[in-house]
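Here is a short report on one chain and its ligand. Look over the sequence and the structure first, then read on.

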Amino acid sequence: MRAVQISELSGPDALRVVDVDEPEASHPLTPGEGVVIDVRAAGVAFPDVLQTRGLYQYKPDPPFVPGAEVAGIVRSAPPASGLAPGDRVAGVTMLGGMAEVAVAPSFMTFRLPDALGWAEGAALLFNYHTAHFSLARRGRLAAGERVLVHGAAGGVGTASIQVAKALGAEVVAVVSSEPKAEVARRAGADHVLLTDAADGWLAGAKALGGIDVVLDPVGGDRFTDSLRSLREEGRLVVVGFTGGSIPEVKVNRLLLRNTEVVGAGWGAFVMPRPEVARATGEALDAMIADGFVRPVVGARFALEEGPDAFRLIDERGATGKVVLEVAAHPS
Ligand SMILES: NC(=O)c1ccc[n+]([C@@H]2O[C@H](COP(=O)([O-])OP(=O)(O)OC[C@H]3O[C@@H](n4cnc5c(N)ncnc54)[C@H](OP(=O)(O)O)[C@@H]3O)[C@@H](O)[C@H]2O)c1
């Protein structure tokens with residue numbers, strides 16, 4: 001089968017599209033069992049780009065096929081999974097998704113709602129489960145609260161806007177350009193603030209009356225301003241560090257303003273807790289049915305163009321989810 005491969009850890013330019021053997025019906029998280037999926041679309045995300053340089057926390061030895069999530073058609077499934085050949089599904093593969101055939105553990109494979117196409121399906125799990133976990137569970141977001149989302153036009157960002165709206169929040173998006181502002185507005189943001197605004201995004205957040213929950217996939221030097229933007233008892237949820245540096249907190253700030261910094265590491269939490277993944281899947285299905293969640297697919301590439309998809313994210317040019325589309329192939 002055809003697959004994208006990371007054969008050395010020197011960045012997206014070293015990616016190749018190669019022929020490799022199809023995988024066994026077994027996943028490392030559930031040895032001896034797994035759902036085999038004929039892939040129709042595979043998600044590409046910031047952590048995949050970090051993996052091309054060996055900079056992500058999950059560091060397999062090369063050569064390996066990247067790809068944490070796919071959408072496609074079940075080829076085979078364990079009897080206890082409740083899935084059958086021919087079912088449309090989305091699955092978290094962790095690795096190996098950017099290929100014609102991939103394997104996901106059954107507890108991380110979800111029926112794809114009819115309303116979503118393949119590319120939207122490949123954009124659904126990683127970002128929306130992270131957004132729900134970060135906002136609802138870790139951030140304890142309540143209806144009527146005001147959420148600020150950094151990197152709001154990105155994959156996690158657009159997902160977080162939609163999930164926050166579904167949870168009844170008012171959403172403030174922070175982005176770096178006017179085209180990205182438009183993406184955030186279309187995803188449902190109520191207010192958009194530009195990072196390079198003359199008076200800064202913090203002034204805009206304060207003018208709105210302050211923030212209850214900041215969702216931060218960016219980190220870096222805006223972190224202290226995020227703390228300054230919080231109302232009393234506000235929460236800053238740490239999701240990632242696309243800005244390149246890991247901020248430090250002077251904890252007197254938390255004491256003086258009665259605020260919290262909260263970590264949200266979705267994968268580490270959910271992998272040993274399949275029941276959390278299932279409950280989140282059900283919550284998201286309801287948000288899809290109610291029209292709140294519709295994954296934003298910002299760019300589509302053919303599998304053979306995989307390296308271009310990585311470069312788009314690497315150059316900060318991506319909006320929404322970047323997806324590789326896999327042409328139908330004989331199974
Ligand atoms: N904690 C978890 O469980 C979890 C789960 C999934 C992902 N993540 C993390 O969440 C982060 C976002 O992932 P994603 O897939 O949403 O990424 P993405 O689609 O590439 O979006 C990231 C956003 O970060 C902003 N950004 C600010 N400085 C940047 C820089 N120097 N380079 C690149 N982007 C920069 C960009 O927005 P502007 O240009 O508008 O500033 C960009 O839209 C990653 O760090 C990822 O590892 C964490």
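## Two domains

Nine residues of domain 1 are in contact with 10 residues of domain 2. On the domain 1 side, the touching residues are six nonpolar, two polar and one charged. The model is predicted. Domain 1 covers 2–124 + 295–325, and domain 2 covers 127–268. Their C-alpha centres lie 27 Å apart.

## Around the ligand

Which residues come nearest to the ligand? Of the 30 residues around the ligand, they are Gly-151, Gly-154, Gly-155, Gly-240 and Trp-266. Four helices each give two or more residues to this shell: H1 (46–51), H3 (125–138), H4 (155–166) and H9 (266–270). H4 supplies the largest share, three residues.

Both domains take part. The shell draws at least three residues from each of domain 1 and domain 2. By class, the shell has 15 nonpolar, 13 polar and two charged residues.

## Helix H10

Helix H10 runs over residues 274–289 and has 16 residues. From first C-alpha to last, H10 reaches 23 Å, close to the 22 Å expected at 1.5 Å a residue. Its buried residues are Ala-277, Thr-280, Gly-281, Leu-284 and Ile-288. Seen down the axis of H10, these buried residues fall within an arc of 110°, so they line one face of the helix.

What covers that buried side? The cover includes strand S7 (109–111), H3 and H9. The face turned away carries the exposed residues Glu-275, Glu-282, Ala-286 and Ala-289. Just after H10, Gly-291 takes a positive phi of about 85°.

## Helix H11

Helix H11 spans residues 306–314. Gly-306, Ala-309, Phe-310 and Ile-313 are buried there. Down the axis of H11, the buried residues stay within an arc of 95°, so they line one face of the helix. They pack against H1 and several strands: S1 (2–6), S2 (15–19), S3 (35–44), S14 (297–302) and S15 (321–325).

Arg-316 comes just after H11, in the loop between H11 and S15. Arg-316 is not a glycine, yet its phi is positive, about 65°. Is Arg-316 buried or exposed? Arg-316 counts as exposed because it has 12 C-beta neighbours inside 10 Å, and the cut-off for exposed is 12 or fewer.

## Backbone exceptions

Most residues other than glycine have a negative phi, and most peptide bonds are trans. Met-94 departs from the phi pattern, with a positive value near 70°. Met-94 sits in the loop between S5 (88–92) and strand S6 (101–104). Met-94 counts as buried because it has 23 C-beta neighbours inside 10 Å; the cut-off for buried is 20 or more.

A cis peptide bond joins Pro-62 and Pro-63, with omega about 0°. Pro-63 lies in the loop between H1 and S4.

## Asp-87

Where is Asp-87? Asp-87 lies in the loop between strand S4 (69–76) and strand S5. Asp-87 has 18 other C-beta atoms within 10 Å, so it is partly exposed. Leaving out residues up to four places away in sequence, Asp-87 touches Val-74 and Arg-111. Asp-87 and Leu-112 are 25 residues apart in sequence, but 8.4 Å apart in space, C-alpha to C-alpha.

Technical notes
Residues numbered from 1 in each chain as written. Predicted model: local features only at pLDDT ≥ 70, side-chain atom pairs only at ≥ 80, totals over all residues. Near = placed C-beta within 6 Å. Nonpolar A, V, L, I, M, F, W, Y, C, P; charged D, E, K, R; others polar. Domains from an automatic or database assignment. Expected span 1.5 Å × (residues − 1). Arc of directions from axis to C-beta. Contact = placed C-beta atoms within 7 Å.
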